[in-house]
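Open the model in your viewer and keep the sequence panel beside it. This tour tells you what to select at each stop.

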Amino acid sequence: MDRRTLLQVAATAGVAQTAMAEAANAASPAAPPTPLSTVPLQLPATEFTYEAVVELDPMVPLGKSPLGERRIIPITGGVFQGPRIRGTVLAGGADRQLSRPDGVLLLNALYELKTDDGAIITVNNRAVIDAPPGQAPYAYSVLDFTAPEGPHAWLNRGIFVGTVHGLPPERHAVLIRVYKVV
């Protein structure tokens, strides 16, 4: 083979090799994604934070909306206690509720806690309650805290979940158990 033919064959092979490499790169990314099985499964755990009994006034209907029946329940007081915190629930908060047409109840309670050492902590507790007939109720919440700097500032640095249990007919109150996700 003469030199000219050899150069033409080499050039043709180089073009073909480049085209095949480009096609392979287009078909698969540069680095394959990490398989999910290589990431260890870490289930969330919880740590008990406190239990509160929140006293309530009777419900005040607010009327229907496109999303369902609205109502508000004034919070009149209560107590709370846990391993690191205890005190009273201050009067003046309220539980705003939306009863959806599908039977699910959405709650948004905004209120304050006063600890035994005098700190005032704001709580925003959002809950979903679903109690289909013949089934155990689903009643869980997510709580956001705004605590002052100091001994209770740890409440500002976590995710908290809770359970909600009505206490009627014995008391016009709810029992809220709160847990920190750890």
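**First stop: Phe145**

Select Phe145. Leaving aside residues up to four places away in sequence, Phe145 touches Tyr50, Leu113, Ile121, Thr122, Val123, Leu155, Asn156, Phe160 and Val178. A contact here means heavy atoms within 4.5 Å.

Before moving on, some ground rules. This is a predicted model, in which local features need pLDDT of at least 70 and side-chain atom pairs count only at pLDDT 80 or more, while totals for chains, interfaces and linings use all residues. Residues are numbered from 1 along each chain as its sequence is written, and side-chain values use heavy atoms, with hydrogens and water left out.

**The cores**

Now select Tyr50, Val54, Tyr111, Leu113 and Leu155 along with Phe145. In the largest nonpolar core, which has 23 residues, these six touch the most other members. Strands β1, β3 (68-81), β6 (105-115), β7 (120-130), β8 and β10 each supply at least two residues of this core. Which strand gives the most to this core? It is β1, with four residues. A nonpolar core is a set of buried Ala, Val, Leu, Ile, Met, Phe, Trp, Tyr and Cys residues joined through side-chain atoms within 4.5 Å. Buried means under 20% relative accessible area, exposed means over 50%, and partly exposed lies in between (1.4 Å probe, protein chains only).

Select Leu107, Ala127, Ile129 and Val164 next. They are among the six residues of a second, separate core.

**The whole chain**

Zoom out and colour by secondary structure. The protein chain has one helix and ten strands. Along the sequence, the helix comes before the strands: α-β-β-β-β-β-β-β-β-β-β. Helices (H or I, at least four residues) and strands (E, at least two) are DSSP runs, numbered from the N terminus.

The protein chain has 182 residues, and 30% of them count as buried. Take the contacts with a separation of 6 or more: 44% of them join residues 24 or more positions apart.

**Strand β10 and its partners**

Select residues 173-181. This is strand β10, and nine bridges join it to strand β1 (residues 46-56), running antiparallel. Two strands pair if DSSP finds at least two bridges between them. Add residues 160-166, which form strand β9. Seven bridges join β9 to β10, again antiparallel. β9 and β10 form a hairpin, with six residues between them. For one rung of this pairing, pick Thr163: its bridge partner in β10 is Arg177.

Now select Ile176, which is found in strand β10. Is Ile176 buried or exposed? Ile176 is buried, with a relative accessible area of 5%. Ala52 stands opposite Ile176. Show the neighbours of Ile176: not counting residues up to four places away in sequence, Ile176 touches Tyr50, Glu51, Ala52, Val54, Tyr111, Asn125 and Thr163. Then draw a distance to Val164. The C-alpha atoms of Ile176 and Val164 are 4.9 Å apart, although twelve residues separate the two along the chain.

**Salt bridges**

How many salt bridges does a search of the whole structure find? It finds five. A salt bridge is a side-chain nitrogen of Lys or Arg within 4 Å of a carboxyl oxygen of Asp or Glu.

Select Arg126 and Asp144. Their closest N and O atoms are 2.7 Å apart in a salt bridge. Arg126 lies in strand β7 and Asp144 in strand β8, so the pair ties together parts that are 18 residues apart in sequence. Arg126 is partly exposed at 34% relative accessible area, and Asp144 is partly exposed at 38%.

Go to Arg100 and Asp102. Their side chains meet in a salt bridge (2.7 Å, N to O). Asp102 is exposed at 51% relative accessible area, whereas Arg100 counts as partly exposed at 30%.

Then select Glu149 and Arg157. They form a salt bridge at 3.8 Å, N to O. Both residues are exposed.

**Last stop: the surface**

Turn on the surface. The protein chain exposes about 11800 Å², with 61% of it supplied by carbon and sulfur atoms. Accessible areas come from the Shrake-Rupley method with a 1.4 Å probe; for residues, only the protein chains shown count as cover.

Finish with Val128, Tyr138 and Tyr140. They make a nonpolar surface patch of about 300 Å². Patches are made of residues with over 30% relative accessible area and no salt bridge; like charges are joined within 9 Å, and nonpolar side chains (Val, Leu, Ile, Met, Phe, Trp, Tyr) within 5 Å. Tyr140 lies in strand β8 (residues 138-146). Tyr140 is partly exposed, with a relative accessible area of 44%.
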